[in-house]
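Colleague: I am new to this structure and would like a close look at a single part, the strand E5 and what surrounds it. Could you take me through that part slowly, and then outward from there?

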Amino acid sequence: MLRVLGLDFSTEAVYRLMLEHPSWGVDRLAKELDTDRRTVARALDTLADLALLRATTTADSSGGLRLVPPRAGLAALLERRQNELARTQLEIDASRAAVDDLLTDYTALGRDCLGGAVERFTGDESVRRIHTDLTGQARGELLALAPTTASGGGPWEIDAPLHVDLLSRGVRVRILHLDSTDGTPERRRAVRELTRAGAEIRTLPSLPLQLRIVDGASAVLPLDPEAPDEGAVLLRELGALTGLRALFTHLWDEAEPLPDGGGEDEEPDAYTPQERALLQFLAEGLTDEAAARRLGISLRSERRMISGLSERFGAHSRFQLGLQAARIGLV
């Protein structure tokens, strides 16, 4: 209870017992608390450091020590602690201001302010910075027109971990992307990761431009839709935001939801003969050991293949893996 004032459990126990029996010495205190002299002595040192214990002019069974009256001693500790917290809060406020200044300087690199509600950023690093910073500020909703949905590419590509973090904080994320994007495993994994985390994703054959709208209050889009990595414009104008959100809503209503299952839209030819054989063996009920022997590989390699296939399909069990493999004609 008094830990915030610097008294740990043992020290507080000694302190409370001494309040009841101020004449008791170290040995009696240790006996009553069922502890050793060293623990009691350490507690007395702590009480002395906190100015809750003072030396007397005459030695007695307590070793010449007397407790400072609790009203005075604890009140002084409380005031000292309040002053420390006040200083800490001032330091936190100063640090927050410094962080805000640093972030402002960071996002301002390459910025050209065209007015209070319009800012322009040039260069792909500036585009990446403002995009990441704006995305991280989302508190209620993020809308995205994103022709690609994999991390690690250009500054406009959807950063799956960043958006998963938004979803974990209760932010609604809606993403429109092209249904003609290449079917690399990285993009499939990004889409599956986002959908499993709760993102709403739809596809269209074409998209007019890259766009992010955050909380209906800010939007970022390319300076040139034909060269989106070269620059971006940040808008906070209410009229422009209303129009851009209406555009997103129109495209969203026209778009197609993603099909259920992470790998159902893949062609059977996208899988190697060994992967197809493994799926067939599992469908026949073979154990991992038997499947590995039939394939001529180690058990570890066989299980690694299963893990990769499960991730590719977004399957959480062997049963789901078998179902989805059957749906695209692999087994």
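Modeller: What follows begins with the chain as a whole, turns to strand E5, and then moves outward through its neighbours.

Please keep in mind that this is a predicted model. The chain holds twelve helices and eleven strands, and of its 331 residues, 39% are buried. Among the contacts with a separation of 6 or more, 65% are between residues 24 or more positions apart. The chain exposes about 18,200 Å², and carbon and sulfur atoms supply 52% of that area.

Strand E5 covers residues 141–145, and because five of its five residues are buried, E5 is largely enclosed by the rest of the structure. Glu141, Leu143 and Leu145 point one way from the strand, whereas Leu142 and Ala144 point the other way, and all of them are buried. Which strands are joined to E5 by bridges? One is E6, which runs parallel to E5 and is joined to it by five bridges, with Leu145 standing opposite Leu176 of E6. Another is strand E8 (residues 211–214), which runs antiparallel to E5 and is joined to it by four bridges; here Leu143 has Ile213 of E8 as its bridge partner.

From E6 the pairing can be followed further. Strand E6 (residues 172–178) is joined by five bridges to strand E7 (residues 200–204), and the two run parallel, with Ile175 opposite Ile201 in E7. Strand E7 in turn is joined by two bridges to strand E11 (residues 256–257), this time in an antiparallel arrangement, and in E11 it is Glu256 that serves as the bridge partner of Thr203.

The residues of E5 and E6 also appear in the nonpolar cores. The largest nonpolar core has 25 residues, and the members that touch the most others are Leu142, Val173, Ile175, Leu194 and Val220. At least two residues of this core come from each of helix H5 (124–136), E5, helix H6 (160–168), E6, helix H7 (185–197) and strand E10 (231–235). Leaving aside residues up to four places away in sequence, Val173 touches Leu142, His163, Leu166, Leu167, Ala199 and Glu200. Apart from the largest core lies another one, of 20 residues, which includes Leu209, Leu211, Ile213 and Leu235. Ile213 is therefore worth finding twice on the display, once as the bridge partner of Leu143 in E5 and once as a member of that other core.Just past E8, in the loop between E8 and strand E9 (218–222), sits Asp215. Its phi is positive, about 55°, although Asp215 is not a glycine, and at 33% relative accessibility this residue counts as partly exposed. A positive phi in a residue other than glycine is also found at Asp34, where the value is near 55°. Asp34 belongs to the loop between helix H2 (26–32) and helix H3 (37–49), and with a relative accessible area of 72% it is exposed.

Moving on to the aromatic rings, a search of the whole structure finds one aromatic pair. Phe248 and Trp252 form this pair, which is stacked, with 5.8 Å from centre to centre and 20° between the planes. Both residues lie in helix H8 (residues 238–254), four residues apart, which is about one turn of the helix, and both are buried. Trp252 also has Arg174 over its face, at 5.2 Å from the ring centre, and Arg174 falls within the residues 172–178 of E6, the strand that is joined to E5 by five bridges.

Finally, helix H10 (residues 288–295) has its own buried residues, namely Asp288, Ala290, Ala291, Ala292 and Leu295. What covers them includes helix H9 (273–283), helix H11 (299–313) and helix H12 (318–327). After H10 comes Gly296, whose phi is positive, near 75°.

Conventions:
Residues are numbered from 1 along each chain as its sequence is written. This is a predicted model: local features need pLDDT of at least 70, side-chain atom pairs count only at pLDDT 80 or more; totals for chains, interfaces and linings use all residues. Side-chain values use heavy atoms; hydrogens and water are left out. Rings of Phe, Tyr and Trp (its six-membered ring) pair if their centres lie within 6.5 Å; planes under 30 degrees apart count as stacked, over 60 as edge-to-face and the rest as tilted. Buried means under 20% relative accessible area, exposed over 50%, partly exposed in between (1.4 Å probe, protein chains only). A charge sits over a ring if NZ of Lys or CZ of Arg is within 6 Å of the ring centre and within 35 degrees of the ring normal. Two strands pair if DSSP finds at least two bridges between them. Contact means heavy atoms within 4.5 Å. A nonpolar core is a set of buried Ala, Val, Leu, Ile, Met, Phe, Trp, Tyr and Cys residues joined through side-chain atoms within 4.5 Å. Accessible areas come from the Shrake-Rupley method with a 1.4 Å probe; for residues, only the protein chains shown count as cover.
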